[in-house]
Amino acid sequence: PRRAVPRPPGWNPMTKNPRRLTAENSALLVVDIQDKLLAKMPRADALVRNAAFLLDAAALLAVAVRATE
């Protein structure tokens with residue numbers, strides 16, 4: 001059985017938490033999507049579509065983006 005974690009008085013899970021992800025403390029890392037590798041992947045189209053979605057979401061949310069080549 002899980003033990004209950006003691007919470008400080010007035011604790012509310014919906015308030016700002018320093019450990020919660022924000023645009024300021026987050027980044028999206030896109031690692032080297034190569035054409036040669038994509039050609040060998042059975043679901044390369046899904047990978048490209050998902051990467052594009054994440055890049056669009058990062059831009060919309062003002063999250064820093066880093067990419068490797």
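**Exercise 1. Find where Met41 sits, and say how far Met41 is from Pro9.**

Step 1. Met41 belongs to the loop that links H1 and H2; helices here are DSSP runs (H or I) of at least four residues, strands are E runs of at least two, and both are numbered from the N terminus.

Step 2. Met41 counts as partly exposed because its relative accessibility is 31%. For this scale, buried means under 20% relative accessible area, exposed means over 50%, and partly exposed lies in between, with a 1.4 Å probe and protein chains only.

Step 3. Pro9 is 32 residues from Met41 in sequence, and their C-alpha atoms are 52 Å apart in space.

A word on the source: this is a predicted model, in which local features need pLDDT of at least 70 and side-chain atom pairs count only at pLDDT 80 or more, while totals for chains, interfaces and linings use all residues. Residues are numbered from 1 along each chain as its sequence is written, and side-chain values use heavy atoms, leaving out hydrogens and water.

**Exercise 2. Describe the surroundings of Leu38 in helix H1.**

Step 1. Start with the location: Leu38 is part of helix H1.

Step 2. With a relative accessible area of 16%, Leu38 is buried.

Step 3. Now look for partners, where contact means heavy atoms within 4.5 Å. Setting aside neighbours within four places in sequence, Leu38 touches Ile33, Ala44, Leu47 and Val48.

Step 4. Take one of these partners, Val48: it is 10 residues from Leu38 in sequence, with 8.8 Å between the two C-alpha atoms.

**Exercise 3. Work out which residues Thr68 contacts, and how its side chain reaches Asp32.**

Step 1. Thr68 is in the segment that follows strand S2 (64–67). At 36% relative accessibility, Thr68 is partly exposed.

Step 2. Beyond its neighbours within four places in sequence, Thr68 is in contact with Leu29, Val30, Val31 and Asp32.

Step 3. Zoom in on Asp32: the side chain of Thr68 comes to 2.9 Å from the backbone nitrogen of Asp32. This is a polar contact, meaning a pair of N or O atoms within 3.5 Å; within protein, one must be able to donate a hydrogen and the other to accept it, and residues adjacent in sequence count only if both atoms are side-chain atoms.

Step 4. For another distance, try Ala51: it lies 17 residues from Thr68 along the chain, and their C-alpha atoms are 13 Å apart.

**Exercise 4. Compare the settings of Asp32 and Ala62, each with a positive phi.**

Step 1. Recall the background: most residues other than glycine have a negative phi.

Step 2. Asp32, not a glycine, has a positive phi of about 30°. Asp32 sits in the loop between strand S1 (27–30) and helix H1 (35–40), and is partly exposed at 25% relative accessibility.

Step 3. Ala62, also not a glycine, has a positive phi of about 60°. Ala62 is in the loop between helix H2 (44–61) and S2, and counts as exposed at 59% relative accessibility.

**Exercise 5. Summarise the chain as a whole, from its pattern to its dimensions.**

Step 1. Count the elements: there are 2 helices and 2 strands, in the order β-α-α-β along the sequence.

Step 2. Check the dimensions: the C-alpha trace spans about 55 × 35 × 15 Å along its principal axes.

Step 3. Finish with burial: buried residues account for 12% of the 69 residues.
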